[in-house]
Amino acid sequence: MSKTRTLPITAARVIVTCPGRNFVTLKIETAAGSYGLGDATLNGRELAVASYLADHVAPSLIGRDAHQIEDIWQFLYRGAYWRRGPVTMSAIAAVDTALWDIKAKEAGMPLYQLLGGACRSGVRVYGHANGETLEETISEARRYRDMGYTAIRLQSGVPGLASTYGVSRDKMFYEPADGGLPTENTWSTSKYLAATPRLFEAARAALGWEIDLLHDAHHRLTPIEAARLGQDLEPYRLFWLEDTVAADNQASFRLIRRHTTTPLAVGEVFNSIWDCKQLIEEQLIDYIRASVGHAGGISHLRRIAVLADLYDVKTGCHGATDLSPVCMAAALHFDLSMPNFGLQEYMCHTQETDAVFPHAYRFSAGSLYPGDEPGLGVDIDEALAAQYPYRRAYLPVNRLEDGTMTNW
Ligand code: EZ4
Ligand code: CO
């Protein structure tokens, strides 16, 4: 019997950089000279995770065996006493992702091979078409179709509202964290509910039925409003309707589900299996959108996906620009290896971001391919990263027209 080889962790460093937007990256180094990366970016709360990692997690990692991914996960989760929450779980996710990166590099394999191998040839993604007007949104959707996308999310300005979630000036890089202090937006559910079915009616007339269409309500509805929107959108056969309600109360999806056959997706803000256990077990959703970066890393997201598979729920990982290329690469290895993969969100990063995080993954004909480099296939150029210091940035907040705070 060969003796088990240990791989002591020698360093765990947090790198904060802002190549157009803020990213927090954990770099774990081993005694063998190998290293791994994990994304620890939590949009608008970046430095909280950076401190959690640098001040509390990193000192306790030194000397541990980098190969013991599950044990380290349990050590960080159970050992903190204080469980779950986005800051904690983003920090654990970064450690977990970096350790999987190391293990795959040590094995000389792309990560998806260690996770069981590819279940499909590539990872189908959806792009984001958006515009101030319905016409502009549809012409953006045509542009995405011309780029090869086979699934497109449509978000449009709402007549009577000055700004809407998902609509941006820069058409390739939607960046909601737009202010050194939170921007105040105004919201009207009745205006939105009137405009949205018209958008999809026009989209089907213009784009036909071959393309998959998606939409994100960004947590702004009550369950009965969500049920109404789901019904009104049924004729347009959405691939999914995302985040209709804030899912704090998982049972609230029973009401939505009772009334509509529009497929439901939720979970980009979830950080553990406990946020979606009831949603999955009662088959109240069709796609679970939890991400590697916010839901405890590859190890924990696999648990969620395995549970989901028992109930015919597929994965639909969050993949907005605030998830770094490290997280995107991790998502692709995960997606490729899971039997119940559904669809992956993909928003390109800026050239500045791609330069800081050189990566092997590539887009082709509507899908992403993680590449075959050992590990995640993504690196960080630390010298370049250091040229982009952190800039405080906040997500917007939202008020009803009478001034009441509501969900953004
Ligand atoms: O608003 O990631 O589906 N994607 C989304 C995103 C979220 C941002 C918040 O940081 O809802 O655009
Ligand atoms: Co969303």
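**Cavity, pockets and ligand 1**

Biologist: Which element gives the largest share of the lining of the largest cavity, and what makes that element a helix?
Modeller: Helix 10 (residues 297–310) gives the largest share, three residues, and the run is called a helix because DSSP assigns H or I over at least four residues, whereas a strand is a run of E over at least two, both numbered from the N terminus. This is a predicted model, in which local features need pLDDT of at least 70 and side-chain atom pairs pLDDT 80 or more, while totals for chains, interfaces and linings use all residues. Residues are numbered from 1 along each chain as its sequence is written, chains are lettered from A and ligands numbered from 1 in written order, and side-chain values use heavy atoms, without hydrogens and water.

Biologist: Why is this space called a cavity, and which residues line it?
Modeller: On a 1 Å grid over the protein atoms alone, a 1.4 Å probe fits there but cannot get out, so the term is cavity; a pocket is instead an open set with protein on both sides within 12 Å along at least five of seven lines, and lining residues have an atom within 4 Å of a point. The lining consists of I288, A290, L301, I304, A305, T315, C317 and F334, of which seven are nonpolar, one is polar and none is charged. The largest cavity holds about 40 Å³, and one cavity of 30 Å³ or more is counted.

Biologist: Where does ligand 1 sit, and how do you know?
Modeller: Ligand 1 sits in the largest pocket, a statement that requires more than half of its atoms to lie within 2 Å of the grid points. The volume of that pocket, the space filled by probe spheres set on the points, is about 1100 Å³. Among its 38 lining residues, H218, H219, V269, L395 and W408 are the closest to the centre, and strand 15 (397–400) and strand 16 (405–406) are the elements that give two or more residues. The lining divides into 18 nonpolar, 12 polar and eight charged residues.

Biologist: What makes the approach of D322 to ligand 1 a polar contact?
Modeller: An N or O atom in the D322 side chain lies 2.7 Å from an oxygen atom of ligand 1, and the cut-off for a pair of N or O atoms is within 3.5 Å, so the pair qualifies. Polar side-chain atoms of H318 and of E345 each lie 3.1 Å from an oxygen atom of the ligand. The protein buries 95% of the 330 Å² that ligand 1 exposes when taken alone, with areas from the Shrake-Rupley method and a 1.4 Å probe.

Biologist: Which residues come nearest to ligand 1?
Modeller: Of the 15 residues around ligand 1 (a heavy atom within 4 Å), N43, Y165, H218, E268 and D322 come nearest.

Definitions and conventions
Nonpolar A, V, L, I, M, F, W, Y, C, P; charged D, E, K, R; others polar. Polar contact = N/O pair within 3.5 Å; in protein donor to acceptor, adjacent residues only side chain to side chain.
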